[in-house]
Amino acid sequence: MVGSPGFLSMDSPTCVGIIGGGQLGKMIANEARRMSLKVIVLDPTEGCPAARIADEQIIADFKDESAIMQLANSCDVVTYEIELANSSALKQLEAQNYPVRPSPETLRVVQNKFRQKSFLRENNIPVPDFELVRSEQQLRESCERFGYPAVLKACEDSYDGRGNFLIRSKKKVAEAFSYFSGRDCMLERYVPFLKEVSIMVARNPRGQIETLPVAENIHRDSILDTTIVPARLSSRVELKAKKLAEKTMEKLQGAGIFGIEMFVTRNGNVLVNEIAPRPHNSGHYANEACSVSQFELHLRAVLDLPLSKVELLSSAAMVNILGPENFDGSYAVKGVDRLLRVSGVKLYIYGKKISRPRRKLGHITATGKSLKDALERVSRARKMISIVPAAGVPS
């Protein structure tokens, strides 16, 4: 651990600084508090979800260099739960031998999708064909070469599908190019995948690597809807995905937990789609279904503690709770009393103050003796609750 290896000091607790105070920061902080560690979060939103758990919040933009230095001066190690962190400022800290984990260079590589894919290809990790887009004419020519549909992606500052445009035909090329006007973009060959899967992989500075089980993911409108564990794959493909995730982590040399998202094709090949250098939505199931959660593994990794082998204790399914399309504002969660009567179900509400269309407000996990059990429970539970405007809700 940062400080004295093998000891947890109650007199002067180790302090973890987290850039980002959303639901991931909140759940990292919750694990840290369980071990009596101190937590300070940096986030521009006053009263962000993690602020309810952390000892202190610094209210500033994720890229604010002076605020990042303030965070580092108050903490023993700095990590992040969002790719929008300022990698240049973090590199300055690292140059002073300050522990930033995952490393600023890892963040720099991953936070630009073209740079990320180029890194993977250079290290012989299979990815879909891609290229940088420089003009509408080049985009048109590349689409003809890749074939339709093709996926245009913003290189930076995009998540939950908001940075993707599926070009279904040549008639959509101009619209796609103007959609990302002024932003660097890359075109990617569309992969007619059989399944989307992900693996959470943790690595500590001493090089120890441990993985969570392979998760099967179902997306709706480019946002994760359901995660199923164990993934419904053959043992051969499952092993291939795990080895690919571990190889990716070895090449990145990162310390922390990473979400490696992959496509499984119909002929059993596995391609890396994207990497998240942080805990990931598809790893939430582990809180209930595994011997250790992704958040505890992340903390162990950034503090250079041993990583225990992960055991899957039960089948599990997770579904996201999203803000409805029809309103934007303060909200309430209706039907909680009925949902909590369902055996094996856990409800997580993140504490975001405002609902927006398709914004992640919480999730539900369900465990069961079988995968069928878990899926039936989570499906039943999700039908019992809804997000409603706060106005008119009885106090």
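Buried, on this tour, means under 20% relative accessible area. Keep that cut-off in mind while you click around, and remember that this is a predicted model.

**Stop 1: an aromatic corner**

Select Phe165, Tyr179 and Phe180, which form one aromatic cluster. Zoom in on phenylalanine 180: its relative accessibility is 3%, so it counts as buried. Now look at tyrosine 179, where the relative accessible area is 49% and the residue is partly exposed. How are the rings of tyrosine 179 and phenylalanine 180 set against each other? Their centres are 4.8 Å apart and their planes stand at 80°, so this pair is edge-to-face. The count of aromatic pairs comes to four.

**Stop 2: the strand that carries Phe165**

Stay with Phe165 and select strand E7, residues 164-167. Which side chains of E7 point to the buried face? Phe165 and Ile167 do, while Asn164 and Leu166 point to the other face and are not buried. In a regular strand the side chains alternate between the two faces of the sheet. Next, add E6, which runs antiparallel to E7 and is joined to it by four bridges. Leucine 152 is the bridge partner of phenylalanine 165 here.

**Stop 3: the antiparallel sheet**

Widen the selection to the whole sheet: four strands, open, in the order E5-E8-E6-E7, with antiparallel pairing. Strand E5 (130-133) and E7 are at the edges with a single partner strand each, so one side of each has no neighbour in the sheet. Look along the strands and you'll find that neighbours are turned by 25° against each other on average, direction ignored. In the middle of your view, E6 and strand E8 (residues 185-189) run antiparallel and are joined by five bridges. To check one of them, pick lysine 153 and its bridge partner in E8, methionine 186.

Two helices pack on this sheet. Helix H5 (residues 113-122) touches E5, E6, E7 and E8, and its direction makes about 145° with that of E5. H6 also touches E5, E6, E7 and E8, with its direction at about 165° to that of E5.

**Stop 4: two cis prolines**

Follow H6 (136-146) to its end and select proline 149, in the loop between that helix and strand E6 (150-154). The peptide bond joining tyrosine 148 to proline 149 is cis, with omega about -5°. Then jump to proline 102, in the loop between helix H3 (87-95) and helix H4 (104-110). There the peptide bond from arginine 101 to proline 102 is cis, with omega near -5°.

**Stop 5: H2 against H3**

Keep H3 on screen and add helix H2, residues 65-74. The two helices pack at an angle of about 40°, with their axes 9 Å apart, and H2 passes H3 in a right-handed crossing. Show side chains for Glu65, Ile68, Met69 and Ala72 of H2, then for Ala89, Leu90, Gln92 and Leu93 of H3; these make the contact. What is the make-up of the contact of H2 with H3? Six of the residues are nonpolar, one is polar and one is charged.

**Stop 6: the parallel sheet**

Now bring up the open sheet of four strands ordered E3-E2-E1-E4, with parallel pairing. Strand E3 (56-59) and strand E4 (77-80) are its edge strands, each pairing on one side only. Neighbouring strands in this sheet are turned by 25° against each other on average, direction ignored. Focus on strand E1 (residues 15-19), which runs parallel to E4 and is joined to it by four bridges. Here isoleucine 18 stands opposite threonine 79 in E4.

**Stop 7: a fully buried helix**

With E1 and E4 still showing, select helix H10, residues 294-302: nine of its nine residues are buried. Among them are Phe295, Glu296, His298 and Arg300. The buried residues of H10 pack against E1, H1, E4, strand E9 (195-203), strand E13 (256-264) and helix H9 (286-289). Just after H10, stop at aspartate 304, which takes a positive phi of about 60°.

**Stop 8: two serines with positive phi**

Finish with serine 36, in the loop between helix H1 (23-34) and strand E2 (38-43). Serine 36 has a positive phi of about 60° although it is not a glycine, and its relative accessible area of 37% makes it partly exposed. Last pick: serine 222, in the loop between strand E11 (215-220) and strand E12 (223-229). Phi is positive here too, at about 70°, and serine 222 counts as partly exposed at 41% relative accessibility.

Methods. Residues are numbered from 1 along each chain as its sequence is written. Side-chain values use heavy atoms; hydrogens and water are left out. Two strands pair if DSSP finds at least two bridges between them. Axes are lines fitted to C-alpha atoms, for helices over the stretch in contact, and angles run from 0 to 180 degrees between N-to-C directions. Buried means under 20% relative accessible area, exposed over 50%, partly exposed in between (1.4 Å probe, protein chains only). Rings of Phe, Tyr and Trp (its six-membered ring) pair if their centres lie within 6.5 Å; planes under 30 degrees apart count as stacked, over 60 as edge-to-face and the rest as tilted. Contact means heavy atoms within 4.5 Å. A crossing is left-handed if the near helix is turned anticlockwise from the far one by less than a right angle, and right-handed if clockwise. Ala, Val, Leu, Ile, Met, Phe, Trp, Tyr, Cys and Pro count as nonpolar, Asp, Glu, Lys and Arg as charged, and the others, Gly among them, as polar.
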